[in-house]
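Welcome! Take a moment to look over the sequence and the 3D view, and then let us walk through the fold together.

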Amino acid sequence: MKFNANSGWAILAGLIVSANVQAHHSSDPHFDHDNPITVEGVVTELQFVNPHGYVFFDVTTAAGDVMLWRCELSAATSLSRRGWTSKTFVPGQHIVIHGSPARREEHVCFLSSFELDGGPETSRGARFDVNADELTAATPDEGLRPATLAGGQPNLTGPWVTLSFGMGSRGFRDSYEPTPAGLDARVGYEMAFDDPILRCHIVNVINGWNHDRHVNDIYQKREEITLQYGFMDFVRTVHLGMDDHPAAVIPSTGGHSIGWWEGDVLVVDTIGFEQGVLAHRDGTAHSDQMHLVERFSIDPEEGVLTRDYTLEDPLFLNTVVTGQDLMAMSDVPYEPYGCVELSGENNIRPE
């Protein structure tokens, strides 16, 4: 089966449902979904940003006081693919919002649906323009996309969108077993306050590549390959033609990557990580001893980019972690993420 426009719609429709469910679940630490509320007022501003947009509006109380509220939306990149724009809400509109209250801050909510100027109720996941650019798996066209580049390298270039989000990287979940040191490293971690995403951080190079449905991009040169993550604008450079890593690597989120070709498979070996979060839900950590090997390959029939990976961390993990995720060519290009965190006190640990 090839991933044409129709098959892409079928696959990604399921991913949209899964992504929406997961998004609601991941907001549980910040919003009380068991006690829904309805609030109405007048729109003052729309912040159309990532990782979450926010609509701001004035609410007039029975006593005549005016309170400024803000309610959380999905990411701007996700909204734009469903036809939303920075003008979907404009100052002066009357808005009724159905949603969930914030757990730690007043006058803040999670928007589930809304009504504008007396119009119909519209869900958080609505598409305003049926012709809006939705991410689909582009039809492979051998005539337009050569299998190899001029220098002979297999062609991995272009924009890629995940086929795995909502399912997680295959084999990754529940495949790690922390050492005593690894258990100590996650003591006190709470996703509601310590999730690196709250600080506009990619978390790590594994799930950052597969996060949400932001478009990744791959650029190839003879001596290096650039992996441009759609999530958090993160960039990795894979150095080709190097037999070994430098003796002294400055630890970083992305570490230091060298790569080589084994036939049509790009093998990427990475060390030099700084200690960080491996699983952002439970706080399982990785140490600066983490060693990651990734294998990127394209199925010539379906045009799917597969990343298989193996992760070892003798300091924090008793097990070798293996996993796989899948990408398809995107019909829309990579666009900058531009993280602007507006969650405020709701995501800050109470003293």
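Which strands make up the closed barrel, and how are they paired? The barrel has 9 strands, in the order β7-β8-β9-β10-β11-β12-β15-β16-β17, and its pairing is mixed. Please keep in mind that this is a predicted model.

## The barrel

A good way to get to know the barrel is to look at how its strands meet. On average, neighbouring strands of this sheet are turned by 30° against each other, direction ignored. In general, strands of a sheet pair through backbone hydrogen bonds, either parallel or antiparallel.

Strand β7 covers residues 158-162. On one hand, β7 pairs with strand β8 (residues 216-220) in the antiparallel sense over 3 bridges, and P159 stands opposite D217 in β8. On the other hand, β7 is joined by 3 bridges to strand β17 (residues 321-329), again antiparallel. There, W160 has M329 of β17 as its bridge partner. Is β7 enclosed or open to the outside? Of its 5 residues, 5 are buried, so β7 is largely enclosed by the rest of the structure.

Elsewhere in the barrel, β15 and β16 run antiparallel and are joined by 8 bridges. One spot to find in the 3D view is V293, which stands opposite T310 in β16.

## Two nonpolar cores

In soluble globular proteins, nonpolar side chains tend to be buried together. Here, the largest nonpolar core has 37 residues. Which residues have the most contacts inside this core? They are W209, I218, L227, F296, L305 and L311. Several elements each supply at least two residues of the core, among them helix α5 (205-209) and the strands β9 (224-228), β10 (235-240), β15 (291-298), β16 (305-312) and β17. A second, separate core of 18 residues includes C71, I97, F114 and L116.

L305 is a helpful landmark in the largest core. This residue lies in strand β16 and counts as buried, at 2% relative accessibility. Leaving out residues up to four places away in sequence, L305 touches L156, W160, W209, I218, F296, S297, I298, D325, L326 and M327. Between L305 and D325 there are 8.5 Å in space, C-alpha to C-alpha, although they are 20 residues apart in sequence.

## W209 and its aromatic neighbours

W209 is another residue worth finding. W209 is buried, with a relative accessible area of 2%. Not counting residues up to four places away in sequence, its contacts include N216, I218, L227, Y229, F296, L305 and D325.

How many aromatic pairs does a search of the whole structure find? The search gives 9. In one of them, W209 and Y229 meet edge-to-face, 5.0 Å centre to centre and with 65° between the planes. W209 lies in helix α5 and Y229 in the loop between β9 and β10, so the pair ties together parts that are 20 residues apart in sequence. Like W209, Y229 is buried, with a relative accessible area of 0%. One aromatic cluster is formed by W209, Y229, F234 and F296.

## Two disulfides

Finally, let us turn to the cysteines. The count of disulfides comes to 2, and with the bonded cysteines of the chain numbered in sequence order, the pairing is 1-2, 3-4.

C71 and C109 form a disulfide with their sulfur atoms 2.0 Å apart. This link of C71 and C109 is right-handed, with 110° about the S-S bond. C71 lies in strand β3 (residues 66-72) and C109 in strand β5 (residues 108-116), so parts that are 38 residues apart in sequence are tied together. C71 is buried, with a relative accessible area of 0%, and C109 is buried too, at 1%.

The other disulfide joins C200 and C339, with sulfur atoms 2.0 Å apart. The link of C200 and C339 is left-handed, with -70° about the S-S bond. Which parts does this pair tie together? C200 lies in the loop between α4 (191-194) and α5, and C339 in the segment after β17, so the pair ties together parts that are 139 residues apart in sequence. C200 counts as partly exposed at 27% relative accessibility, and C339 counts as partly exposed at 23%.

Definitions and conventions: Residues numbered from 1 in each chain as written. Predicted model: local features only at pLDDT ≥ 70, side-chain atom pairs only at ≥ 80, totals over all residues. Heavy atoms only, no water. Buried < 20%, exposed > 50% of the residue type's maximum accessible area, 1.4 Å probe, protein only. Helix = DSSP H or I, 4+ residues; strand = E, 2+ residues; numbered from the N terminus. Pairing = 2+ DSSP bridges. Core = buried A, V, L, I, M, F, W, Y, C linked by side-chain atoms within 4.5 Å. Contact = heavy atoms within 4.5 Å. Disulfide = S-S within 2.5 Å. Axes fitted to C-alpha atoms, helices over the stretch in contact; angles between N-to-C directions. Phe/Tyr/Trp six-rings, centres within 6.5 Å; stacked < 30°, edge-to-face > 60°.
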